[in-house]
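Me: I would like to go through the labels used for this structure and the reasons behind them. Please set each value against its cut-off.

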Amino acid sequence: MQEIDPRDTGRAYAFEMWMQAPMPMVTLFCTLDITRARRLAWRRRLKLNMLICYCIGRAASRINEFYTLPVDGRLIRYDTLAVSTIVANSAGTISSCDIPWSIDLATFSSDYLLLTSLVAATCRNHDITDSMVIGTSALVNDDIDGAVGMYSGIFNNPFMIWGRYRRRLTRTTLKVSFQFHHTQMDGAHAARFLTLLQQELDALSSRL
């Protein structure tokens, strides 16, 4: 990763306008069709949450803005992505686990299982500091329509939250919220990401 001059990027105006804003975060809501992903998870005995995280990484990797992030008043460019998930640990609390994103689904799945198991057992967060991390939180036991995350002023990473999926006849849907820092991307980039995420979920069977 390296610091870059915002004036040399397409984010120069956004950096000037939003970097010091008291509330620079934007949240979009979307309903995803995860019918194919849920069926694939059941047939192949894969973790559904892992498949969703993989598709998040794959969709994000297709948008250049995901590789930059405002950090401590600077604009940082990363070479790689990671997807974070919240893990219920052995102490009865939660820990966070950053998983390096790989275009190879088998590799990502292996890393996901290994790292989340380690974090659950040790109760220690697994942080990746040299990748742009996309945060996620799955509240799978509850029906929610979305959530607006708290802006701490410390972490500017994009973040996705979802609850329990909903089955209606032949379709399975998942309501998600996606929060991002306006310096990093505009609403059009975020909306494009959600469109690509749906495409990646639909194309999962071709990845195996």
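Me: At what angle do the axes of H3 and helix H4 cross, and within what distance do they come?

Reply: In this predicted model, the axes of H3 and helix H4 (residues 105-122) cross at roughly 125 degrees and come within 10 Å.

Me: What makes H3 oblique to H4?

Reply: Angles from 65 to 115 degrees count as roughly perpendicular and those over 145 as roughly antiparallel. The crossing at roughly 125 degrees falls under neither heading, so H3 is oblique to H4. The crossing of these two helices is right-handed.

Me: Why is H3 called oblique to H5?

Reply: Helix H3 (residues 48-60) and helix H5 (residues 187-202) pack at about 130 degrees, their axes being 8 Å apart. The value is again outside the perpendicular and antiparallel ranges, and therefore H3 is oblique to H5. This crossing, too, is right-handed.

Me: What makes Glu200 and Arg58 a salt bridge?

Reply: The cut-off is 4 Å from a side-chain nitrogen of Lys or Arg to a carboxyl oxygen of Asp or Glu. For Glu200 and Arg58 the N to O distance is 2.9 Å, so the pair qualifies. Glu200 is in helix H5 and Arg58 in helix H3, 142 residues apart. Both residues are buried. Salt bridges with shared partners join Arg58, Arg62 and Glu200 into one network.

Me: How many salt bridges are found in the whole structure?

Reply: The search finds eight. One of them pairs Asp186 with Arg11, with the closest N and O atoms 2.9 Å apart. Asp186 lies in the loop between strand S10 (171-181) and H5, and Arg11 in the loop between strand S1 (2-4) and H1, so the pair ties together parts 175 residues apart in sequence.

Me: Why is Arg11 called buried or exposed, and what of Asp186?

Reply: Buried means under 20% relative accessible area and exposed means over 50%. Arg11 has 5%, so Arg11 counts as buried. Asp186 has 27%, which is between the two limits, so Asp186 counts as partly exposed.

Me: How do you know whether Asn141 is buried or exposed?

Reply: The relative accessible area of Asn141 is 62%. The limit for exposed is over 50%, so Asn141 is exposed. Asn141 is found in the loop between strand S7 (132-138) and strand S8 (159-162).

Me: Which residues make the nonpolar surface patch?

Reply: Tyr13, Met17 and Trp18 make a patch of about 340 Å². Tyr13 is in helix H1 (residues 12-18) and has 60% relative accessibility, so Tyr13 counts as exposed.

How values were computed: Residues are numbered from 1 along each chain as its sequence is written. This is a predicted model: local features need pLDDT of at least 70, side-chain atom pairs count only at pLDDT 80 or more; totals for chains, interfaces and linings use all residues. Side-chain values use heavy atoms; hydrogens and water are left out. Helices (H or I, at least four residues) and strands (E, at least two) are DSSP runs, numbered from the N terminus. Buried means under 20% relative accessible area, exposed over 50%, partly exposed in between (1.4 Å probe, protein chains only). Patches are made of residues with over 30% relative accessible area and no salt bridge: like charges are joined within 9 Å, nonpolar side chains (Val, Leu, Ile, Met, Phe, Trp, Tyr) within 5 Å. Accessible areas come from the Shrake-Rupley method with a 1.4 Å probe; for residues, only the protein chains shown count as cover. Axes are lines fitted to C-alpha atoms, for helices over the stretch in contact, and angles run from 0 to 180 degrees between N-to-C directions. Angles under 35 degrees count as roughly parallel, over 145 as roughly antiparallel, 65 to 115 as roughly perpendicular and the rest as oblique. A crossing is left-handed if the near helix is turned anticlockwise from the far one by less than a right angle, and right-handed if clockwise.
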